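This report describes one helix and the aromatic ring pairs of the structure shown below.

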Amino acid sequence: MDNFQKEIDERANLALSNKFELLLFRLGSDQNDAKSELFGINVFKLREIVPMPPITKAAGMKSPLLGMANIRGQFIPVIDLPAVAGCTPETGLNLLLVTEYARSTQAFAVESVDDIVRLNWSQIHTAESGISSRNITSIACLDDKTNSMAMVLDVEQILHDVIPSVRDVKAEDVKLKAFNIKPGSVAIVAEDSKVARQMLEQGLKVMGIPAVMHTTGKEAWEKIKLMAQQAMTEGVSIHDKIAMVLTDLEMPEMDGFTLTRNIKSDMGLKNIPVVIHSSLSGSANEDHVRKVGANGYVAKFEINELSAVIHKVLEEAVK
């Protein structure tokens with residue numbers, strides 16, 4: 001476990017090359033087909049892995065919340081991940097994955113940890129059309145020769161369902177600002193989590209910013225290139241088509257760092273404001289944001305902070 005923690009900083013540098021590392025773990029046998037599937041979570045989300053500690057269950061707490069655990073003096077909620085995924089542990093809940101995610105700390109109880117693998121985001125494919133579970137955001141292709149795969153969890157969806165601290169965006173929640181956007185232009189949004197995408201769409205609608213939603217960085221990049229070609233054909237500025245780009249970091253096929261770098265390295269696109277909106281916080285990511293040239297960075301999900309960052313970068317874009 002100590003070696004695992006020491007290597008976190010080294011892994012941060014992978015983000016600039018469209019790569020990341022995935023922790024592989026097991027939750028037990030699937031309740032439908034009795035197989036033990038591999039699941040994955042980005043190493044960046046992990047604070048530590050600890051043996052299962054004593055759990056204190058509060059009154060009224062229901063499954064899949066197991067209770068609260070004291071981890072280094074901090075009481076954090078523990079989520080029964082096999083229960084969420086529809087699995088039955090064969091040897092019990094033996095480990096906690098302690099995660100720092102979207103401004104909160106929580107732990108996921110799992111049966112066992114298998115490995116850490118280094119992958120390119122091109123090896124990750126969106127699962128929305130092929131997997132029925134609402135808690136799976138993508139499929140990781142681990143080895144083409146053996147056809148081995150792992151299901152990447154949609155942690156945002158799980159937390160949204162289990163811990164009622166984040167709910168739908170409402171107009172009365174937003175301190176409205178006047179956004180400097182040309183009539184007819186849109187925000188290009190890239191976000192692979194369904195629940196996060198819905199919240200962003202609601203938030204931008206409340207702000208009065210028209211948006212075109214995409215589930216991967218690659219989809220967004222293809223749309224941006226298409227709109228740039230349309231602008232050239234029509235003899236208008238790219239800003240008449242695209243007001244800004246709002247992107248997540250972790251996405252199948254192309255991550256947000258690569259999407260941002262593609263935009264900022266293109267002479268015709270580099271002045272498009274780019275805001276990175278991610279659950280991955282910390283100084284390493286903020287350094288990478290600056291290196292790839294993003295105009296703003298905000299951690300998920302507080303609508304007024306997002307609104308303020310968008311307002312700032314749009315104002316700066318016209319100076």
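## Helix 6 and aromatic pairs

Gly-235, with a positive phi near 70°, follows helix 6. The model is predicted: local features need pLDDT of at least 70 and side-chain atom pairs pLDDT 80 or more, while totals for chains, interfaces and linings use all residues. Residues are numbered from 1 along each chain as its sequence is written, and side-chain values use heavy atoms, without hydrogens or water. Helices (H or I, at least four residues) and strands (E, at least two) are DSSP runs, numbered from the N terminus.

Helix 6 comprises 18 residues (217-234); its end C-alpha atoms lie 26 Å apart, in agreement with the 26 Å expected at 1.5 Å a residue (1.5 Å times one less than the number of residues). Its buried residues (under 20% relative accessible area, 1.4 Å probe, protein chains only) are Gly-217, Ala-220, Trp-221, Ile-224, Met-227, Ala-228 and Ala-231. They cover an arc of only 130° around the axis, so they lie on the same side of helix 6; the arc is taken from the directions from the helix axis to the C-beta atoms. These buried residues pack against strand 13 (186-190), strand 14 (211-214), strand 15 (242-247) and helix 7 (256-264), with contact meaning heavy atoms within 4.5 Å.

A search of the whole structure finds two aromatic pairs. Rings of Phe, Tyr and Trp (its six-membered ring) pair if their centres lie within 6.5 Å, and planes under 30 degrees apart count as stacked.

| Pair | Centre distance | Plane angle |
|---|---|---|
| Phe-20 and Trp-121 | 3.9 Å | 15° |
| Phe-25 and Phe-39 | 6.3 Å | 20° |

Both Phe-25 and Phe-39 are buried.

Terms used
Rings of Phe, Tyr and Trp (its six-membered ring) pair if their centres lie within 6.5 Å; planes under 30 degrees apart count as stacked, over 60 as edge-to-face and the rest as tilted. Buried means under 20% relative accessible area, exposed over 50%, partly exposed in between (1.4 Å probe, protein chains only).
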